[in-house]
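User: I'd like to go through a few helices and hear the reasoning behind each label. Could you take me through them?

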Amino acid sequence: MIDAQPPLDAPITGLLIAWSHGDEQARDVLVPLVYDQLCALAGGILRSERTNHTLASSALVHEAFLRMVEIDKVGWNDRAHFFALCARLMRRILIDHARKQRASKRGEGGENLPLFEDRLSDKARDPDLLALDQALERLADRNSQQARIVELRYFGGLDREEIAAVLGISSATVTRRWRMARAWLFRQLSQPVDPRRAVAERLG
Amino acid sequence: MRADDEIEGWNRLSDLFDQAIEKPAAERGAFVARVCADEPALGRSLEELLVSEARAGTFMEAPLVRRAAGSAASAMIPSTDADADPTNAEPVDTDPAGDRQHASRRGEPRIGDHIGAYRVLRPLGQGGMSTVFLAIRDDDTFKRRVVVKLVRADLRDADLERRLRTERHILASLAHPNIARLFDGGTTEDGRPYFVMEYVEGLPITTFADRYQLSVDERSALFRKVLGAVQYAHQNLVVHRDLKPSNILVAADGEPHLLDFGIAKLLNPDLSADDVHATATWLRLMTPHYASPEQVCGKLVGTASDIYSLGVLLYELLAGRLPFDFARATPGEIERTLTERDPPRPSTVVVAARADAETTAPTSAGSASSDPASSDIARNRMLEPHELQRRLRGDLDAIIMKALRSAPQRRYASAERFADDLERFAKNLPVGARKGTWYYRIGKLVRRRRTAAAVTISLALALAVGAGVLAQKHAQVLRERDNAQRERSQRDTVLALLLEVLQVADPNVSLGETYSIREALDSSAPKLRRLLADQPALRAELLHTTGTIYHNLGLWPRARVDLEAALSLRKSLFGDRDPSVARTQSRLALVLANLGEVDTARALTTQAVETSRGARGSVPAADVAILNDQVTVLCAAQDYEAALPLAEEALALARSASNREGLPTALINRAMVALRKDEPTHAAVLFQQGAELLALRFGDDHPRLVNPLSNLGSARRRAGDLTGARDAFEQALTIQQTALGETHPTLAITLNNLAGIHVARGEHAEAIEVFGQAADVFERQAGPDHPRLFFLEIQIAQSRIAAGTPSVAREDLQQSLAHWRNRIGAEHRFVLLADLALGRALTALGDFDAAEPLLHAGFDRAMAAGWQRDAASCLALLRTLHEAMGTPERSEPFARRLEDWDAGEG
């Protein structure tokens with residue numbers, strides 16, 4: 001089993017609890033702290049990408065998340081909110097990275113490489129992150145809640161119950177909204193490529 | 001404002017999407033059309049969304065940032081469990097502390113625990129025999145993720161470790177790109193065996209195929225890869241024994257990966273029939289849908305068992321349904337079904353879900369509750385239901401049914417053979433599963449040569465057919481030497497043309513197009529005639545041939561046109577008294593008899609026979625066909641007195657002939673006359689001989705056997721041999737279903753006859769089922785308004801009364817009467833018959849007050865209409881009624897009247 005990791009930065013726990021009790025100032029202090037932590041984490045992961053070891057196992061991310069707060073001291077709801085925050089930040093970090101990477105690759109005249117090489121089997125259907133980000137913005141224009149659900153699920157790894165807790169809606173609603181959002185995003189992102197044809201070509 | 005409008009529109013779209021997605025896929029189109037009738041733009045958006053939803057597959061299912069150990073949610077969606085809706089996948093346990101307690105109670109490893117040298121990353125799922133984990137070997141520099149299968153604690157087996165040691169290296173040596181590798185295996189400290197396997201991310205093959213809407217050809221291609229892997233394993237003497245969709249995962253690159261090869265055998269080494277307990281356990285643990293009959297019966301299991309399971313898989317992959325539905329079946333029922341019944345052919349289950357509420361045995365594919373709509377199944381294959389049916393009918397039916405034979409030795413001998421046949425199908429070559437019948441081979445030939453020029457193809461077909469006919473006549477000894485010479489040179493010309501066509505034809509194949517003989521003939525015959533414009537003799541031969549083919553296809557008007565043209569051509573070339581003229585006359589007579597022009601037919605056939613007899617007065621042996629045709633025509637004219645001596649003559653001639661071409665027909669014709677002259681025993685013997693000869697020549701599943709077998713059944717029945725009659729009808733039925741298709745007109749007749757036998761044998765449940773099938777077939781052929789359907793409903797009701805369920809019969813009859821009375825008029829005889837059946841049902845139910853007036857009125861109606869037999873039935877029913885009422889004295893007049901009647905008739 002996982003060894004109990006000492007929290008790297010105890011203040012985060014306190015700030016989190018304060019935030020969940022309505023202290024918005026606590027949030028303002030919390031965000032940069034978490035952001036820095038996540039950046040360091042993402043940076044480490046993304047650097048290792050160069051040596052062909054990308055986000056090797058997502059477990060790492062979470063171990064890092066957990067090191068930031070004393071998980072036992074915060075309630076389930078607070079944890080959910082914390083992960084929601086992480087999801088938002090993680091999205092920003094990863095998108096920024098993808099943007100820089102694209103710019104540098106373009107500069108070299110190379111192609112835009114997928115961010116996470118090791119997820120080979122998902123590669124075919126993993127969305128282009130920059131395109132996804134833009135599509136999510138468009139989705140937020142239409143229904144911000146659906147965009148949040150996608151963010152929490154995809155960038156934060158929250159499950160249905162957690163998302164329901166964060167957004168204060170029922171988990172059945174989460175399921176419905178997610179289903180539609182996913183379908184809409186799929187269409188937004190897949191229009192140029194017909195996955196059926198891709199599969200058919202592979203089958204020869 | 002625009003933005004507000006947009007949000008408003010989005011919310012509507014969202015609501016409608018939620019509503020639509022809850023509906024079965026087949027109903028969504030109609031739903032969209034209905035609710036968006038006035039808003040085409042909204043309708044389009046909604047449709048796009050629904051399509052995207054269906055196609056999105058695993059898109060974004062797996063979060064980019066995954067949850068792992070100790071986080072608020074302890075496990076992610078198992079990626080191998082593709083059937084789970086991602087948003088519905090519950091974490092294994094949301095409370096880590098609870099998880100710990102729960103886990104330790106079950107003795108299952110937790111995240112981070114070790115199984116052997118492997119650290120558990122997360123649970124993947126729970127199988128019948130084991131718990132499955134995603135794990136990693138800490139000292140593995142490649143950080144390769146693996147799957148660890150930990151055998152359930154209660155399945156621990158003292159002998160297992162030894163078997164593991166001996167077999168592990170065999171399994172580990174299986175190296176095939178489509179087989180998930182077995183890396184390792186061992187036993188935990190507490191003695192539980194585990195296996196370490198390659199981790200495959202993918203979808204079960206059936207799910208994959210539907211998500212990506214693979215076509216029938218793509219599915220078949222994918223399946224052939226599976227067969228390749230199985231063949232490899234079988235060559236290495238490893239049998240899978242548990243092949244099913246969840247053990248065949250298809251990765252995103254479209255490659256299938258077979259999991260768990262040999263594991264089932266390791267866990268269950270020697271099941272034997274006497275180890276009832278082991279067999280029962282096994283059955284409970286494995287999915288019975290994919291199990292072979294020998295597996296279910298606890299017999300020895302070999303490679304043929306895998307072939308069977310693969311047959312089930314291909315069935316499901318192509319037809320979208322399972323061969324049998326065992327959802328509610330007991331092990332005994334499963335065993336009986338698998339050993340005693342053939343599943344319905346795949347092409348028969350794709351058009352409409354059959355609702356046989358009456359069928360007690362679990363035969364119908366798909367249960368009502370979980371039955372996917374036919375249109376969905378077809379749409380997932382990019383087809384309409386009837387297109388899918390056409391695609392499956394014939395070769396694919398035959399291939400799948402061969403894999404699903406209950407006798408292991410009658411299945412494909414190897415996965416390779418299985419794959420060969422599928423490949424041959426893909427290339428439009430004749431497949432081994434179908435016996436090479438004449439039409440079948442020619443149909444294949446045409447499909448294969450489609451790329452050649454149209455005229456060439458048509459030539460190939462028509463001349464191949466022509467050559468076939470000519471070859472049959474090859475041994476004919478002609479009276480006139482000149483004629484022989486002439487015909488031989490014609491034949492040579494035809495054969496030379498055929499050969500040329502075959503050499504020229506492009507061997508490249510074009511898939512998926514069917515091209516019926518009729519279409520080929522329709523489009524090619526005129527061209528051929530033009531080609532042969534300056535060779536009238538050959539043109540006449542061609543017309544005679546095409547006319548014969550149209551006749552064989554039952555297309556009589558077309559046959560008539562060609563044969564009449566051939567006749568006038570031949571007459572002008574060779575005169576009225578030429579043998580070739582007689583042959584065309586004879587064939588034309590047959591066509592006219594079928595068209596109902598019996599008198600003209602008679603005249604023609606008489607002329608033909610006269611010509612053939614010539615000066616000598618006897619028909620030459622080579623022309624026995626002409627004599628046979630005449631008997632057929634006379635039978636059609638119902639002049640059996642005239643037919644009898646000719647039938648005798650034809651039979652004697654056919655027996656004396658050096659070749660026996662004409663013998664089966666002569667036997668069957670003679671039998672027909674015997675049957676009509678009320679000599680059923682004699683008829684049965686002759687029909688049987690005729691059928692046996694035909695079977696010898698064409699194979700025992702040739703369509704030509706259908707008529708003689710049906711007649712054999714009728715003859716046997718009249719001779720009192722009910723068992724023999726049933727056998728004959730069933731044999732005819734099998735051929736009809738395999739060779740002629742579900743809509744052939746004779747199918748309903750045979751089913752009806754078979755049901756009649758069941759009635760006579762007192763097998764009421766079977767009778768009800770077969771009558772029901774007959775009604776299905778008949779409705780498909782004749783539409784729902786044909787009165788014959790009513791008659792079948794009445795017969796079903798009669799069987800229900802006899803089976804002891806008169807209340808069901810009463811209800812059915814009342815419904816039928818309400819439906820049909822308006823449609824066909826209250827005066828129709830079937831309405832009377834239904835009333836009589838209803839009277840019988842009411843009598844059986846003790847509702848005498850309702851029964852009595854019904855039967856009295858029925859008697860009056862029958863007498864008024866002159867239906868004496870029905871009136872007699874009424875009397876018999878009234879007698880029964882009064883006996884049941886305890887007023888036998890009132891029944892006496894009826895009984896007496898009935899006796900008088902019988903005496904009068906007798």
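User: What makes the span of helix α23 of chain B agree with the expected value?

Analyst: Happy to explain, keeping in mind that this is a predicted model. Helix α23(B) covers residues 556-574, and at 1.5 Å a residue its 19 residues should span 27 Å. The end C-alpha atoms are 26 Å apart, so the two values agree. Just after α23(B), B:G575 takes a positive phi of about 90°.

User: Which residues of α23(B) are buried?

Analyst: They are B:A559, B:D562, B:L563, B:A566, B:L567, B:L569 and B:R570. Each of these counts as buried because its relative accessible area is under 20%.

User: Why are α37(B) and α38(B) called roughly antiparallel?

Analyst: Helix α37 (residues 848-865) and helix α38 (residues 868-885) of chain B pack at an angle of about 160°, their axes 9 Å apart. Angles over 145 degrees count as roughly antiparallel, so this pair earns the name. The crossing of α37(B) and α38(B) is left-handed. Among the residues that meet are B:L855 and B:F859 from α37(B), with B:L878 and B:L881 from α38(B).

User: How do you know that α7(A) is mostly covered?

Analyst: Nine of the twelve residues in α7(A) are buried, including A:I149, A:V150, A:L152 and A:F155.

User: And what makes A:N143 a cap for α7(A)?

Analyst: A side-chain oxygen of A:N143 lies 3.0 Å from the backbone nitrogen of A:Q145, at the N-terminal end of α7(A). A polar contact needs N or O atoms within 3.5 Å, so this pair fits. Just after α7(A), A:G157 has a positive phi of about 70°.

Technical notes. Residues numbered from 1 in each chain as written. Chains lettered and ligands numbered in written order. Predicted model: local features only at pLDDT ≥ 70, side-chain atom pairs only at ≥ 80, totals over all residues. Heavy atoms only, no water. Buried < 20%, exposed > 50% of the residue type's maximum accessible area, 1.4 Å probe, protein only. Helix = DSSP H or I, 4+ residues; strand = E, 2+ residues; numbered from the N terminus. Polar contact = N/O pair within 3.5 Å; in protein donor to acceptor, adjacent residues only side chain to side chain. Axes fitted to C-alpha atoms, helices over the stretch in contact; angles between N-to-C directions. Parallel < 35°, antiparallel > 145°, perpendicular 65-115°, else oblique. Left-handed = near helix turned anticlockwise from the far one by under 90°. Contact = heavy atoms within 4.5 Å. Expected span 1.5 Å × (residues − 1).
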